[in-house]
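This briefing is meant for someone opening the structure for the first time. It starts with one term, then moves through confidence, packing, ring contacts and two helices.

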Amino acid sequence: FTFLNRPQQAIPLLDKAILLDPTNATVIIEYAGAQLQANQDLDKAISALQNLLEKDPLNIDALAWLAEIMRANGDPSNALKTYRKALNTPLSDDPHWHPRLSIGLAQSAIDLDQPETALAVLNKDWQTTPHNHLVISQTLAMAYQKAHLFDKALQAAKSAREMEPTSLDNLIWFANLAEEIQSYDESIDALNYALEIEPEHADLRLNIGRIYRKIGDINQAYQTIKKIAEIDQSTNEELRSAAQQLMELNYPEDAIVCLKIAVQRCIETADYNPCSRSIFELIDIYLQVNRQADALQAVDEILDQQTEKDHALLGKRVVLLNQVSGADEAYSALEQAFSQYPDSTSLNLAASRIHYKNGNLQKSINHAKMAVDKISENDSDEIQYEILTYAADISDACLLSKDANRILQQVAKLPGSSENLSYLCLRAELALELGEVLDAAKVLTCALDHSPVRPRVMGLQARFSARHG
């Protein structure tokens, strides 16, 4: 099974073999190798090898495998020590093990921020192991990069690229390293060459576009990314990433095209759960460009296909109906939805939104509180963010600062809160209102780093400047 690259099936058999003969070194080493191959229970593999070495300290193959598995298990310090021990055994003259151990030692040294150690080993092996030059060149480039010797890093990386010039993995590796050392032209050249080999590889286009954007070539970034919509093999995640980049480049219509393709796939396959983000992102962009009717149509197309309706989409539909068709139709749709799903957090959120829009402040606050109270573990982080930040926003708008602060404390406990723009803006606004200037400045800086051109962020910056200069 290990020979056939099926280590998961080999491991149970080797477990049984060790129980039958716990001192069999060959079986233990094969078991450890299978665990490494499967990247499965590396702690158990390390324990098995250490027990073997206690009984047989001269087993150099076990020592070599122990070093390999320690590094794979995220323990570069002990891996480095073990690699050194292994290289002081006859394995140092073994044509199979020597380059492998040297490279492992160098990679462990790089992980420990010891590039000088890595360079000393690799420069020696460069001369003695020509059949392993690719891995040595790659590791050497990474060591030079770690030592901030960027010209030498690029030179070693170019040598590695030339050794396997049509390998997609090698080209992507080269492009990543070149980008990290700010050799952007080299990175783009490698990715464009990779794109010639794999023209349907959407992720390559995303990376090329991202680098063009980084160097300020907005037109090339746009021309590269928009073509992802034409790639049949592009995944929904890639289409979403393309749409996000196109929005950041200020091309909303092209972003809509990408997301409509993703949503259409949901409709065709009736597989809505993985695509929910695509649907909501499409709605959000429609709203940003004042195409509420198109947003409502997109929601209706999805809901028409669903037997068990998505509560969040029902809520979006109610809010959109209020904007497109008026309050009467919105309240009618809300009543019908509540009759089916009376405990829905999303519907309470929608009710709060339309009551606020139509001037019913007390009803808006009541529904916002009900939405917060009905939040459960089954609600996604995105839904919880939306409910809590909106409830805090409404409370703040109605001069209920204590309630707003209490709700924001709940938001702060959610993962990624420091990256959530609504949360950051609310925190900054409340801090300004309470006269907490330093906290407001700190949070506003985070918001500006996140989305400097969003109207709410720009408005906050203007308020802060007007008050505090």
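A residue is called buried here when its relative accessible area is under 20%, exposed when that area is over 50%, and partly exposed in between. By that reading, tryptophan 65 and tryptophan 97 are buried. The model is a predicted one, and its chain averages a pLDDT of 88, with 96% of the residues scoring at least 70.

**Confidence along the chain**

- Among the elements of the chain, the highest mean pLDDT, 97, belongs to helix 10 (residues 168-180), while the lowest, 79, belongs to helix 26 (residues 455-468).
- As a general caution, predicted coordinates should not be read in detail where pLDDT is low.

**Nonpolar cores**

- The largest nonpolar core holds 117 residues, and within this core Leu49 and Leu101 are the members that touch the most others.
- Helix 4 (residues 60-72) supplies 8 residues, the largest share of this core.
- Once its neighbours within four places in sequence are set aside, leucine 49 is in contact with Ile28, Ile29, Ala32, Ala62, Trp65, Leu66 and Ile69.
- Another core, of 35 residues, lies apart from the largest one, and its members include Ala312, Leu349, Ala368 and Ala391.

**Aromatic pairs and charges over rings**

- The structure holds 2 aromatic pairs.
- One of these pairs is formed by tryptophan 65 and tryptophan 97, whose rings meet edge-to-face, with 5.7 Å from centre to centre and 90 degrees between the planes.
- This pair links distant parts of the chain, since tryptophan 65 belongs to helix 4 and tryptophan 97 to helix 6 (residues 97-111), 32 residues apart.
- Tyrosine 222 and tyrosine 251 form a stacked pair, with 3.7 Å between the ring centres and 10 degrees between the planes.
- Because tyrosine 222 lies in helix 13 (residues 218-226) and tyrosine 251 in the loop between helix 14 (236-248) and helix 15 (252-269), the stacked pair ties together parts that are 29 residues apart in sequence.
- Tyrosine 222 has a relative accessible area of 11% and is therefore buried, whereas tyrosine 251, with a relative accessible area of 27%, is partly exposed.
- Arginine 100 lies over the face of tryptophan 65, at 4.9 Å from the ring centre.
- Arginine 353 lies over the face of tyrosine 390, at 4.3 Å from the ring centre.

**Helix 8**

- Helix 8 (residues 133-146) has 14 residues, which at 1.5 Å a residue should span 20 Å, and the 19 Å between its end C-alpha atoms agrees with that expectation.
- Since 11 of its 14 residues are buried, helix 8 is largely enclosed by the rest of the structure.
- The buried residues of helix 8 include His133, Ser137, Gln138, Thr139 and Gln145, together with Leu134, Ile136 and Tyr144.
- Histidine 148, which follows helix 8, has a positive phi, near 65 degrees.

**Helix 24**

- Helix 24 (residues 421-433) has 13 residues, for which a span of 18 Å is expected at 1.5 Å a residue, and its end C-alpha atoms, 18 Å apart, agree with this.
- Helix 24 is largely enclosed by the rest of the structure, because 10 of its 13 residues are buried.
- Among the buried residues of helix 24 are Leu421, Tyr423, Cys425, Ala428, Glu429 and Leu432.
- Just after helix 24, glycine 435 takes a positive phi of about 75 degrees.

How values were computed
Residues numbered from 1 in each chain as written. Predicted model: local features only at pLDDT ≥ 70, side-chain atom pairs only at ≥ 80, totals over all residues. Heavy atoms only, no water. Core = buried A, V, L, I, M, F, W, Y, C linked by side-chain atoms within 4.5 Å. Buried < 20%, exposed > 50% of the residue type's maximum accessible area, 1.4 Å probe, protein only. Helix = DSSP H or I, 4+ residues; strand = E, 2+ residues; numbered from the N terminus. Contact = heavy atoms within 4.5 Å. Phe/Tyr/Trp six-rings, centres within 6.5 Å; stacked < 30°, edge-to-face > 60°. Lys NZ or Arg CZ within 6 Å of the ring centre and 35° of its normal. Expected span 1.5 Å × (residues − 1). pLDDT = per-residue confidence, 0-100.
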